[in-house]
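Colleague: Could you pick one part of this model and walk me through it slowly, up close? I'm new to this, and I'd like to see how that part fits in with the rest.

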Amino acid sequence: MTTTDIRVAFDRAAQKRRSSLFRRFLRHPGGWIPLAIFLAIVLVGVFAPLLAPMDPNFVDLTAAKAPPGPEHLLGGDSTGRDILSRLIYGTRTTIWGALITLITSVVIGVPSGVAAGYFGGAFDRVATWISDALQSIPGMIILLVVAAGSRNNFEVLMATVGVFMVPGYFRISRSQTLAVRGEAYIDAARVSGLSDGRIIFRHVIKAVYPPVIIQTALTAGIAMGMQAGLQFLGIGDSNVPSWGAMMLEGFRLMLTYPLMLLWPSAALGLTIAVLAIMGSTLAELVQVRTPRVSRRRADAAPAAPATGSARHEAAESALRIENLRVTHATPSGETEVVHGVTLDVAPGEVVGIVGESGSGKSQTVFSVLDLLPSTGRASAGAIWVGGKDVTRATGKARQQLLGREIGYVPQEPMSNLDPSYTIGHQLVEPLRATHGMSRAAAKARARAVLERVGLTDPDRVMRSYPHQVSGGMAQRVLIAGAIAGKPSLLVADEPTTALDVTVQAEVLELLRELQAEYGMALLIVTHNFGVVADICDRVIVMRGGDIVESGQVDELFAAPAEPYTRELIAASLDDAAGRAELDRAAAQHTEVTA
Amino acid sequence: MLLFTTKRVLSGILLLVAVSIGTFFLAHLAISDPTAALLGTTASPAQQAALAEKIGLDRPLIQQFWDWLSHAVLLDFGMSWRNFQPVGAQLAIKVPVTLSVVTFATLITALIGIGFGMITGLRPGTWFDRIIKGLSVVLFALPGFWVSLVLVIWFAVQLKWFPAVGYVPPTQSVDGWLRSITLPAISLALGGIVAVSEQLRNAVIAQTRQDWVRTLRSRGLSATRVNLHILRNASPAALTVIALMFVGLLSGAIVVEQIFSLPGLGQLTNQSSQNGDIPMLLGITVISIVFVVVINLLLDLVLGWINPKVRVA
């Protein structure tokens with residue numbers, strides 16, 4: 001792809017997104033209704049001289065504090081000026097002021113944010129510090145200083161309000177630019193010699209503008225609020241009609257003429273509310289929403305026949321699932337990812353589930369634990385754990401099995417420990433909560449299992465936080481946590497995949513030892529036939545949510561029935577051979593250069 | 001941890017100095033002729049010159065600043081130009097009022113905001129979640145003084161539950177003090193409540209998707225216990241907003257105090273700005289920034305306690 005191609009493709013994508021975003025905004029009731037109201041308010045402001053029934057500063061002493069009537073539709077204020085006319089002209093003031101504020105903050109905030117995100121370095125650090133500092137200054141105090149000095153000059157004040165809104169734009173432009181800067185197409189553009197200026201104008205701006213527009217809707221509302229607040233404090237030219245000043249007057253006469261407070265407050269409240277709603281709708285439309293799974297059963301397509309089979313009596317198995325189906329809610333509707341699988345594990349048996357990513361093997365495991373993500377839903381003909389039927393068991397009852405009957409070893413060691421608690425706490429808490437152990441007993445057990453999984457200094461490990469230990473140690477900690485409750489079934493989801501090659505063998509060896517020592521059944525998920533050969537008695541091959549083949553490990557290796565199984569085995573061997581070759585090449589290279 | 005705290009304190013002092021310099025020169029630039037503002041338009045040039053000499057305005061600006069700064073580091077903020085009383089003494093009278101309202105508002109914000117954020121974050125999509133979301137959109141944008149007006153009309157004028165105006169010091173009556181700051185605090189807090197709630201909700205949802213949540217549940221921990229883990233990890237987001245809100249509340253208090261006739265920093269700021277009383281304005285700025293720095297320091301310490309990684313960095 002040349003840069004031009006990339007650019008055209010990206011332009012088109014952006015254009016499509018923009019038009020569809022705007023169209024979706026107009027179709028959404030939270031979009032077009034507030035937009036229509038807001039446009040009406042803007043038009044009232046623009047055409048104020050045509051719409052207002054009289055001069056906003058014309059004093060008619062007979063109309064002072066007059067109630068609404070035919071001559072003064074909303075009545076007169078304390079000096080006899082027409083409230084409706086002042087309200088209409090006040091709209092103009094409000095919008096003009098907000099415009100000054102917005103222009104100031106966008107002109108300062110967006111370019112500096114983009115530059116800070118794009119170039120980084122000293123400019124980024126200084127600008128970020130200034131932005132943070134600006135955010136920690138109570139703006140109203142500075143505004144009052146400026147008001148005193150500028151003799152209440154409206155434009156200067158509104159521009160100063162804008163300065164205090166700069167951090168919002170700065171932060172959002174900076175973070176958005178940082179995100180885009182890491183994208184491949186920016187690198188491609190740079191490598192092909194496009195200048196920084198062109199990259200920023202052609203690519204970065206496109207990523208920055210949607211959040212900037214959302215920010216603008218919110219900022220406009222807040223700016224109008226601050227403007228009215230200043231006017232309410234009595235700052236500003238009394239001859240310029242403004243909502244804030246009208247609110248101040250109405251507030252002073254609140255007890256006798258409450259309507260005088262109502263009109264400007266309603267106008268301000270409505271304007272700010274429609275802006276806020278527009279901003280929120282835009283934010284919602286831009287966001288990628290996670291679909292929610294429907295609790296009712298989807299109209300099932302003609303169900304494919306279940307695959308796989310059980311080999312043992314249900315009452316004598318450690319685990320048995322029959323016709324397990326897992327569906328996930330996706331943006332385009334519900335998708336079934338496991339199409340009815342049946343399998344079982346005998347006590348003390350080691351069974352591997354092999355398949356590539358997307359084969360449904362992890363989803364099967366999570367269903368066994370009853371810990372599918374919130375978008376997923378499992379249904380099964382039958383589930384037996386430890387020889388007991390738990391098909392109809394409540395969520396609570398299924399939860400009771402965890403930590404007692406079933407232990408779980410996850411794939412990625414670092415992300416599976418809570419970063420805020422010490423390792424010791426994470427081991428001790430379940431023992432106390434689910435096994436009702438005393439603190440001392442739980443600590444002793446935690447210490448013992450840590451020692452058992454090969455950690456030589458268990459006291460230090462227990463005091464450590466997850467980020468203070470290595471990946472291999474973290475995985476041992478997780479194994480310790482899984483076996484601490486002495487489960488009869490251990491479920492391991494790719495327990496070695498995320499580890500260094502040297503550590504993989506050790507962890508696998510440890511699992512084998514523990515399995516034998518505790519007499520546990522072990523269900524191990526992997527994509528690697530090497531792991532299967534090392535540790536498993538029996539293997540189940542999954543593909544696309546179905547079980548395609550299963551059997552004793554020796555038999556399956558000797559004579560795989562399915563071509564898919566043969567491919568998987570070959571891929572595992574290739575991988576090993578390939579790596580060995582690479583190692584040899586690297587060694588030779590070192591010799592040559594040495 | 002010590003290094004981390006020292007760094008934070010130094011950064012706070014740097015901010016304090018930077019803002020002091022900024023405010024000093026901004027004020028002198030903006031209020032080009034303070035004597036006119038102080039004496040009114042009827043004063044003769046001779047009177048103006050006499051005042052200028054008395055308050056040191058006839059000296060070069062840099063010298064005036066140095067004079068101010070060298071006293072300020074010893075916590076002496078000079079004399080007010082309006083009534084020639086020490087700035088510090090007047091601040092000492094006004095600060096407790098504003099601090100009562102702002103602290104009370106922060107407490108309300110934190111308690112209710114965290115509660116709402118927890119409930120909506122742990123169970124997104126429920127009717128309660130939708131109501132809070134709908135409310136938050138509008139409440140966040142509406143200025144505190146607008147809300148104050150509504151509350152005053154409703155609770156003070158119509159229902160007469162709370163006094164509409166005035167301040168009762170806690171030394172006089174604790175009950176009266178609480179009643180006098182309740183409405184101002186609520187009007188200030190409403191916007192913050194929804195901001196904190198929204199932040200915490202998003203953070204809770206993000207934490208719920210973490211791998212370790214599944215692992216904790218796989219150990220047999222009850223939903224309540226797992227939720228506590230989620231909350232602890234989600235709380236930095238909420239705390240950061242609370243600290244930011246505090247700055248916004250100080251700003252908002254200036255207008256809200258006007259509505260409830262509270263004799264706090266807000267009134268003092270407004271008066272001083274109209275009178276061109278620069279030493280008073282500087283004193284107010286410094287004391288506000290001190291609050292902000294202290295709050296941020298507390299926040300950092302709490303964040304360090306929650307997230308052990310911060311402590312090491």
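Modeller: Let's start with a bit of vocabulary: a residue is called buried if 20 or more other C-beta atoms lie within 10 Å of its own, exposed if there are 12 or fewer, and partly exposed in between. Keep in mind too that this is a predicted model, with an ipTM of 0.76 and a pTM of 0.77.

Try the vocabulary on B:Ser261. This residue has 13 C-beta neighbours inside 10 Å, so B:Ser261 counts as partly exposed. You'll find B:Ser261 in the loop between helix 10 (223-259) and helix 11 (265-275) of chain B. There's a quirk in its backbone as well: phi of B:Ser261 is near 50°, a positive value in a residue other than glycine.

Chain A has a residue with a similar quirk to look at. A:Asp370 isn't a glycine, yet its phi is positive, about 60°. A:Asp370 sits in the loop between helix 12 (361-369) and strand 4 (376-379) of chain A. Here the neighbour count is 20, which is why A:Asp370 counts as buried.

Now for the close look: strand 9 of chain A, residues 521-526. How many of its residues are buried? Six of six, which leaves the strand mostly covered. Follow the side chains along strand 9 of chain A and you'll see A:Ala521, A:Leu523 and A:Val525 point one way, while A:Leu522, A:Ile524 and A:Thr526 point the other way.

Next, the neighbours. Strands of a sheet pair through backbone hydrogen bonds, either parallel or antiparallel. What does strand 9 of chain A do? With strand 3 (residues 350-354) of chain A, strand 9 pairs in the parallel sense over five bridges, and A:Val351 has A:Leu523 as its bridge partner there. With strand 8 (residues 489-493) of chain A, strand 9 also runs parallel, again joined by five bridges. In that pairing, A:Asp493 stands opposite A:Val525. To get from strand 8 to strand 9 of chain A, the chain passes through helix 18 (residues 501-518), and this β-α-β crossover is right-handed.

Zoom out one step and you can see the sheet they belong to. Six strands of chain A form an open sheet with mixed pairing, in the order 7-8-9-3-10-11. Strand 7 (406-409) and strand 11 (546-552) of chain A are at the edges with a single partner strand each, so each has one side without a neighbour in the sheet. On average, neighbouring strands of this sheet are turned by 15° against each other, direction ignored. Further along the order, strand 3 of chain A runs parallel to strand 10 (residues 538-543), with four bridges between them. A:Val351 turns up again here, and its bridge partner in strand 10 of chain A is A:Arg538.

What lies across these strands? Helix 12 of chain A does, crossing strand 3, strand 7, strand 8, strand 9 and strand 10, and it runs at about 145° to strand 8 of chain A.

Strand 9 also takes you into the nonpolar core. The largest one has 231 residues, and A:Leu523 is listed among those with the most contacts inside it, along with A:Leu319, A:Leu489, B:Val101 and B:Phe246. Helix 10 of chain B brings the largest share of this core, 20 residues. Back in chain A, take a look at A:Leu489: leaving out residues up to four places away in sequence, its contacts include A:Ala521 and A:Leu523, as well as A:Leu319, A:Val345 and A:Ile406.

For the wider view, chain A has 21 helices and 11 strands, and 46% of its 594 residues are buried. Of the contacts in chain A with a separation of 6 or more, 70% are between residues 24 or more positions apart.

Finally, where do the two chains meet? 62 residues of chain B are in contact with 65 residues of chain A. Several helices of chain B supply at least two residues each to that side, including helix 1 (2-30), helix 9 and helix 12 (278-306). Helix 10 of chain B gives the most, with 12 residues. As for confidence, chain B averages a pLDDT of 81, and 96% of the residues score at least 70.

Methods:
Residues are numbered from 1 along each chain as its sequence is written. Chains are lettered from A and ligands numbered from 1 in the order in which they are written. This is a predicted model: local features need pLDDT of at least 70, side-chain atom pairs count only at pLDDT 80 or more; totals for chains, interfaces and linings use all residues. Two strands pair if DSSP finds at least two bridges between them. A crossover is right-handed if, with the strands pointing away from the viewer, the path from the first strand over the helix to the second runs clockwise. Two residues are in contact if their C-beta atoms, placed from the backbone, lie within 7 Å. pLDDT is the predictor's confidence in each residue, from 0 to 100. Axes are lines fitted to C-alpha atoms, for helices over the stretch in contact, and angles run from 0 to 180 degrees between N-to-C directions. A nonpolar core is a set of buried Ala, Val, Leu, Ile, Met, Phe, Trp, Tyr and Cys residues joined through C-beta atoms within 7 Å.
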